[in-house]
Amino acid sequence: MKVLYALIDIVFPRHCVLCEMWMVDDQFHVPVCSLCICKWPDLRGSIGGQLLLERLCLQWGHVGFRLRESSFLEQEIRAIKYRGAIRQARNWGAWLAEFSEPPHGNLNDVVLVPVPLHWKKKLKRGYNQAELIAEGIARQWKVPVWKNALTRSHHAPSLTGMGRADRWTQLQDTYTTNPSASFNSVQVILVDDVITTGATIQMCKEAIERGGGKVVGAMALALA
């Protein structure tokens, strides 16, 4: 594995995404240097979890940073969503998991379920950023990612700028569980890139519960 990362570093040198200085430490999954990491509102831990739970009816939650407080972080999210920053998304996921305590203090039977894109949008974009973030979390926690546990049944217009009521209207009956996914003996953590009102997470939670599953929490890279 170390040889693989060494080869990757030759092809894709590890530079800090903020100051572009060379990354010399062994934390391959951290996207910024130790100096720059102090320059954004890091919400990992109890503060971010509390902010997230205020918007969600869940037992547990973790978020990385507050999006509105940094133009740099907004650029990072856009790069992950629209500009093919695949490795970057995975690295951010590992960063998110690094200081996030799992629900109930253990990872027994925990699976990560990313919020799905409609197949047309995923085909056009080439990837689902929530899946990539979940893969980064899984790399840190050593838990499985169920990429196809949820499906998005219809394509809705962009939710950007919508309030909670409009988002709920647009997302009604949008998400369904894959019939082949068995949720009986697992604890589901939902993963998304950005949480705004929490409507998407709630709809995904309801879909999994209709399929007989249990959602114990949610993780997001950013809180808008």
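Which residue just after α3 takes a positive phi? A few notes on this predicted model, starting there.

1. The residue to look at is G84: it follows just after α3 and has a positive phi of about 70°.

2. Helix α3 itself (71–82) looks regular in its length. Its 12 residues reach 16 Å from the first C-alpha to the last, close to the 16 Å expected at 1.5 Å a residue.

3. Do check which side chains of α3 point inward. F72, L73, E76, I77, A79, I80 and K81 are its buried residues, so you will find E76 and K81 listed along with the nonpolar ones under the cut-off of 20% relative accessible area. The buried residues of α3 pack against β1, α4, α5 (119–125), α6, β5 and β6.

4. Strand β1 (residues 61–66) deserves a close look too. Because 6 of its 6 residues are buried, β1 is largely enclosed by the rest of the structure. Its partner β6 (residues 215–223) runs parallel to it, with 5 bridges between the two, and V63 stands opposite A220 in β6.

5. Now the largest nonpolar core, which has 29 residues; F65, L112, I137, W141, I189 and L221 touch the most other members. At least two residues each come from α3, α4 (86–98), β2 (110–114), α6 (129–141), β5 (187–195) and β6. Helix α6 gives the largest share, 6 residues.

6. L221 makes a good viewpoint on this region. Leaving aside residues up to four places away in sequence, L221 touches V63, G64, F65, I77, I80, W92, W95, L96, I133, D192 and D193. A second, separate core of 24 residues includes L52, L58, L150 and I208.

Definitions and conventions: Residues are numbered from 1 along each chain as its sequence is written. This is a predicted model: local features need pLDDT of at least 70, side-chain atom pairs count only at pLDDT 80 or more; totals for chains, interfaces and linings use all residues. Side-chain values use heavy atoms; hydrogens and water are left out. Buried means under 20% relative accessible area, exposed over 50%, partly exposed in between (1.4 Å probe, protein chains only). Helices (H or I, at least four residues) and strands (E, at least two) are DSSP runs, numbered from the N terminus. Two strands pair if DSSP finds at least two bridges between them. A nonpolar core is a set of buried Ala, Val, Leu, Ile, Met, Phe, Trp, Tyr and Cys residues joined through side-chain atoms within 4.5 Å. Contact means heavy atoms within 4.5 Å. The expected span of a helix is 1.5 Å times one less than its number of residues.
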